[in-house]
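Hi everyone, thanks for coming. I'd like to walk you through a structure that is new to most of you, so please have a look at the screen.

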Amino acid sequence: MSTDLEQFYEIFFEESSELLADMETCLLRLDVSSPDLEDLNAIFRAAHSIKGGAGTFGFTDMTEMTHMLETLLDKLRKGELEVRSEMVDAFLKAGDVIKEQLAAHRGEGQADPVVATAVCEELQRLSDETQALAPVPVKETIDSDINTETVSEEEAKITPVKIPSIDDLPRITYCIEFSNRGLSNAVLEDLYTNLRELGTLENIASAIENVRQLKLTTSNSEEDVWEALAFVVDPANLKIEVDTRSVIAEPLAIEDELSMAKMPPAPGYGFFPGAPAAPRDIDDLESNLNSPQQKNHINEAHGFHKSSNKTTAVASVNETSSIRVSIEKVDQMINLVGELVITQAMLAQTASQFDPVVFEKLHSGMNQLERNTRDLQESVMSIRMMPISFIFSRYPRVVRDLAVKLNKRVELKTVGENTELDKGLIEKIADPLTHLVRNSLDHGIEVPEKRISAGKPAHGTITLRAFHQGGSIVIEVSDDGAGLNRRKILAKARERDLPVHDGMTDQEVWLLIFEAGFSTAETVTDVSGRGVGMDVVKRNIQSMGGRIDIESAFGVGTRISIRLPLTLAILDGLSVAVGDQMFIVPLNYITESLQPVATDIKTISGQGRVVQVRGEYLPVIALHEIFRLRPKVTAVHEGILVILEAEGHKAALFVDDLIGQHQVVIKSLESNYRRVQGVSGATIMGDGKVALILDTAALVMSSQQEAL
Amino acid sequence: MAKTILAVDDSASIRQMVTFTLKGAGYEVIEAVDGQDALDKANIHKVNLVLTDINMPRIDGLKLLELLRKLTHYKTVPILMLTTESSDEIKAKGRAAGATGWLVKPFDPKRLLEVIGKVIG
């Protein structure tokens, strides 16, 4: 049976990426002064699993690197050497190399063999130190370990294997016979070189065409010989036998010989003589089955086999707790559900014209359809939601590397990693967030000496926090660093001829840092000089329908918060009527709706109309004036006021009437038409008409500006 | 009647490869992600052969071997170690724990079937 291993590559790649991420998490968590054995074991296991897979699937570069990792880690977890931060650095570097190699095998980018070799040498050096310090391990074991792991001729070329002193080890002669069909002379030469490194090689002239016969006398085990050969020669055409005459008394070898007497020696595997169910015991085993107890088991086994198909299925269901689906499929589903929502709304509208008494069943059916559609929509939308830990998890490494570079001591705290966010947003938020974190570290957190003299702990703290607030998700990057310097920012702004004055509020001053090319850094480091600027950060956030706010206190710290909509595709809205038009107001901006009393409406010169709502005067925005429509009512007290709250400001939206609450599918107006001031998008209503979705925040802000 | 094999490995790709290979050869396969999972599944399903990795979280392969051998059904069931550790030390430990034999990783599907065929063929 031939199996194409390529079909397992993808899962191996994904698995290895996960293992690498786990490894990194553990490494970053590792306290060098008192390492947690569990962490060391977990790191070791991750390296080990990657090595196993890489070996199986023939990615020798990865095998080599993980082997070096494993060797050193093994010594660490066995306590043969103390963990040093230098090692953690080397491990992280090795992880990076493996990541690159993985990407290269995936066909994305290329791994640099020079870097790989350097890291390998570093790991080797660190692990050699172990031997210098620790009295226990002997050189031979390590070398022979490498031998057994020499998985291909290619790898052997790169890392010549050193032969240990073998005088005191028992030597066995193996008769090797294989077909050299399809093997070039160069490959054969390499193979011979490898075999010579294992021991003394003797070439026997073969009478049969295309068959090579060799004799190898070595102290290495049969598997080593097999492995040296098996990656070059087709195992089916390979025979390795122990030359019995040559066996120099060695208990284990003889025992193995005996155990395999009844069958030809099997390279790469073996059985323990006398072990339960070892092949030669099979007869005994079956005859033993007559005892009642054993019969019982047979019956159980029979019962099991009858239902084995089913149980296997159940077992595999339990194992696969998640499936990977392409994002296109999910998006297509979301789109279809969006259409379904519209169809359902159309149907509901048509059905509402029928008498609910006569058509009771139709109406209850419609209600149920509405509920089901809503549930379906919610669950489909949740497929796209991912925990923000997906991006938070990359920052420990970013912070660590940068802190080392800048000679700062920083602790990163993450709060609310399980907060879920639309996948599209997750991908887009990563870059701006990285920039903010780097900024906090570079400009915010001070060097330890400065912190101590300011009476702060030497360790700075950067906190990443994510949480839901209303219909939005808020992501905060805060630090306990120097804070923004108002004086400096204003001076810099004047230098750049920006319109500033001393009477500006802090909020307004802080917003200046979002101006293109604005930097108060005295020296431009490669940290802050790289990547996107704050203006790009702000633009990115805005393009996601989000907002960015800064709070800062000089000497105390800075908090930057990003507020994003939960999802980009669906909106809970209130439909309102003005004249013969319908508009959608996003529900999360509405605090209340009311019909005002005429006496509460006041006209203030230069400020337009205001309405008094519970002692508070709010500007009145007349929707018909903004869109130049002919309204059904012109007197404010005859219509309805929808009280909106956005960015800390309130305003009252004057409309003719309220129609109802809908969940609407947002269609971009920009991509279908063009951008319209005061409108954030459009949607298709139940009757097939298009309704515009109001850009509430912009409306409220413009009313504030007028008021000013 | 198909024989059932319990394949224990913490690496999903290896598990998938083993399962695919074995199912292709007509065996039933139950997968377990570590020693503890294997022990639970071995208690529910009385399998005909156990194929286990050595280095795994929670309960490792050697401990699993020991624990399985204490169960009546598994006293006589073949248990093969599937491992990258081909050193004699690991082999000796496996033998002491009651392993039937070993198979060195990396292995190819053909070799896997060959070994299994020898034991429960």
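Let's begin with chain B: what pattern does chain B follow, read along the sequence? The pattern is β-α-β-α-β-α-β-α-β-α. In total, chain B has five helices and five strands. Before I go on, please keep in mind that this is a predicted model.

Staying with chain B, 66% of its 121 residues count as buried. Now take the contacts in this chain between residues at least 6 apart in sequence: 63% of them join residues at least 24 apart. As for the outside, chain B exposes about 3800 Å², and carbon and sulfur atoms supply 53% of that area.

Next, the interior. The largest nonpolar core has 91 residues, and the ones with the most contacts inside it are A:L123 and B:I116. Which helix gives the most to this core? That is helix 4 of chain A, residues 85-105, with nine residues. Let me pause on B:I116 for a moment. Leaving aside residues up to four places away in sequence, B:I116 touches B:I5, B:L22, B:Y27, B:L49, B:L51, B:L80 and B:G121. Apart from the largest core there is another one, of 49 residues, including A:F392, A:L402, A:M534 and A:I560.

Now over to a sheet in chain A. Six strands form an open sheet here, in the order 15-19-20-18-17-16, with mixed pairing. At the edges sit strand 15 (590-594) and strand 16 (601-604) of chain A, each pairing on one side only. From one strand to the next, the twist averages 35 degrees. As a reminder for anyone who needs it, strands of a sheet pair through backbone hydrogen bonds, either parallel or antiparallel. In chain A, strand 19 (residues 640-646) and strand 20 (residues 649-655) run antiparallel, and seven bridges join them. If you want a pair to look for on the screen, A:L644 stands opposite A:A651 in strand 20 of chain A.

My last stop is A:L694, in strand 23 (residues 690-694) of chain A. Is A:L694 buried or exposed? It counts as buried, because its relative accessibility is 1%, under the 20% cut-off. Not counting residues up to four places away in sequence, A:L694 touches ten listed neighbours, among them A:F583, A:V585, A:L623, A:F627 and A:L653. Finally, A:L694 and A:Q677 are 17 residues apart in sequence, and their C-alpha atoms are 9.3 Å apart in space.

That's my tour, thank you for listening!

Technical notes:
Residues are numbered from 1 along each chain as its sequence is written. Chains are lettered from A and ligands numbered from 1 in the order in which they are written. This is a predicted model: local features need pLDDT of at least 70, side-chain atom pairs count only at pLDDT 80 or more; totals for chains, interfaces and linings use all residues. Side-chain values use heavy atoms; hydrogens and water are left out. A nonpolar core is a set of buried Ala, Val, Leu, Ile, Met, Phe, Trp, Tyr and Cys residues joined through side-chain atoms within 4.5 Å. Buried means under 20% relative accessible area, exposed over 50%, partly exposed in between (1.4 Å probe, protein chains only). Helices (H or I, at least four residues) and strands (E, at least two) are DSSP runs, numbered from the N terminus. Contact means heavy atoms within 4.5 Å. Accessible areas come from the Shrake-Rupley method with a 1.4 Å probe; for residues, only the protein chains shown count as cover. Two strands pair if DSSP finds at least two bridges between them. Axes are lines fitted to C-alpha atoms, for helices over the stretch in contact, and angles run from 0 to 180 degrees between N-to-C directions.
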